[in-house]
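Open the model in your viewer and keep the selection tool at hand. The tour goes from the whole chain to single residues.

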Amino acid sequence: GIKMGDVNGNASVNGSVAVETRGDKAMLISTDEQQLQSGQNYTVVFKAKDLAKIQGYQFTLSVDPSLATIEGIDYSGVMKADNFGIFTRNGMITTSFVRAPLAGAPAGSAEGESILFTLKLKAESNSALSRALSLNSRLTHVEAYNQSEEVMGVQLTFGAEAVAERAALRQNVPNPFSEETAIGFYLPKASKAVLTIRDVKGALIYRVEGNYTKGNNQVMLKQNELGASGVMYYTLETSDFTDTKKMVVLQQ
């Protein structure tokens with residue numbers, strides 16, 4: 001058998017593995033782009049083309065915990081439970097796979113494409129799936145081997161049907177807080193936005209309006225600016241987007 005994350009016996013517990021990748025070849029893993037909506041559950045099917053040409057592979061899959069959380073894995077594809085290490089709290093999954101010498105056609109294959117596994121996620125914010133997932137070497141070094149034993153890279157691609165970018169309001173960090181917290185949000189284009197904070201009765205506690213840039217933005221909020229504590233709700237509004245999240249303000 002093989003150790004998790006040890007396709008060729010050179011795994012490192014800190015991910016600092018030096019491997020020479022020959023040429024510009026790469027194993028391509030694909031999934032369809034999806035637009036995540038906060039609070040909703042999603043299934044993400046990972047597929048590989050021409051898997052019969054691959055002898056083995058390994059990588060770390062990271063899930064941005066501010067955008068989505070790992071709910072589990074469906075092992076109905078080529079890969080089974082023994083091929084994975086799941087670190088839900090850190091938003092990381094390690095995986096390695098070695099083809100059995102006499103294995104036949106991969107399970108779930110169709111027209112040269114094989115289903116590897118299906119990831120179950122719960123969205124924590126409105127975001128494109130491609131912003132929530134990434135392959136890296138944080139726990140298990142990214143590499144693959146073809147039938148000629150050449151070292152290859154591994155790349156994650158998303159379906160050609162791109163999902164239009166949408167604004168997203170992040171959960172404040174830290175939460176709860178007693179002194180200061182950061183409220184982050186993403187805008188697909190530069191625009192005016194209003195951030196308001198209300199108490200559980202709906203009374204307005206705080207309001208800030210500004211012109212924000214395309215991409216990630218952040219508003220720093222101090223407890224003494226609110227003059228209150230307890231459960232509160234903050235809302236971001238633009239001309240075509242509104243979202244609300246809950247936060248807890250501790251009394252100093």
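What percentage of the 252 residues in the protein do buried residues make up? The share is 44%. Keep in mind that this is a predicted model.

**Whole protein**

Colour by secondary structure. Two helices and 19 strands should appear. Now switch on the surface. The accessible area comes to about 13,100 Å², and carbon and sulfur atoms account for 48% of that. Then turn to contacts. Taking those between residues at least 6 apart in sequence, 71% join residues at least 24 apart.

**Stop 1: the four-stranded sheet**

Select strands 16, 15, 18 and 19. They form an open sheet in that order, with antiparallel pairing. Which strands stand at the edges? Strand 16 (204-212) and strand 19 (242-249) do. Each has a single partner strand, so one side of each is left without a neighbour in the sheet. Look along the sheet: from one strand to the next, the twist averages 20°.

Move inward to strand 15, residues 191-199. Strand 15 pairs with strand 18 in the antiparallel sense, over six bridges. For one example, pick Leu 195: its bridge partner in strand 18 is Leu 236.

**Stop 2: a surface patch**

Stay on strand 18, which spans residues 230-237, and select Tyr 233 within it. Its relative accessibility is 35%, so Tyr 233 counts as partly exposed. Add Val 200 and Val 231 to the selection. Together with Tyr 233, these two make a nonpolar surface patch of about 250 Å².

**Stop 3: the three-stranded sheet**

Next, show strands 13, 14 and 17. This open sheet runs in the order 13-14-17, and its pairing is antiparallel. Strand 13 (168-169) and strand 17 (215-222) are the edge strands, each pairing on one side only. Zoom in on strand 13 and strand 14, the latter covering residues 180-187. Two bridges link this antiparallel pair. Select Leu 169 and look across: Phe 185 in strand 14 stands opposite.

**Stop 4: Thr 118**

Finish at strand 8, residues 113-123, and pick Thr 118 there. Is Thr 118 buried or exposed? Its relative accessible area is 10%. Buried means under 20%, so Thr 118 is buried. Now show what surrounds this residue. Beyond its neighbours within four places in sequence, Thr 118 is in contact with Thr 43, Val 44 and Val 45, and also with Gly 72, Ile 73 and Asp 74.

Terms used: Residues numbered from 1 in each chain as written. Predicted model: local features only at pLDDT ≥ 70, side-chain atom pairs only at ≥ 80, totals over all residues. Heavy atoms only, no water. Patch = residues over 30% accessible without salt bridge, like charges linked within 9 Å, V, L, I, M, F, W, Y side chains within 5 Å. Areas by Shrake-Rupley, 256 points an atom, 1.4 Å probe, with all protein chains shown as cover. Salt bridge = Lys/Arg side-chain N within 4 Å of Asp/Glu carboxyl O. Buried < 20%, exposed > 50% of the residue type's maximum accessible area, 1.4 Å probe, protein only. Contact = heavy atoms within 4.5 Å. Pairing = 2+ DSSP bridges. Axes fitted to C-alpha atoms, helices over the stretch in contact; angles between N-to-C directions.
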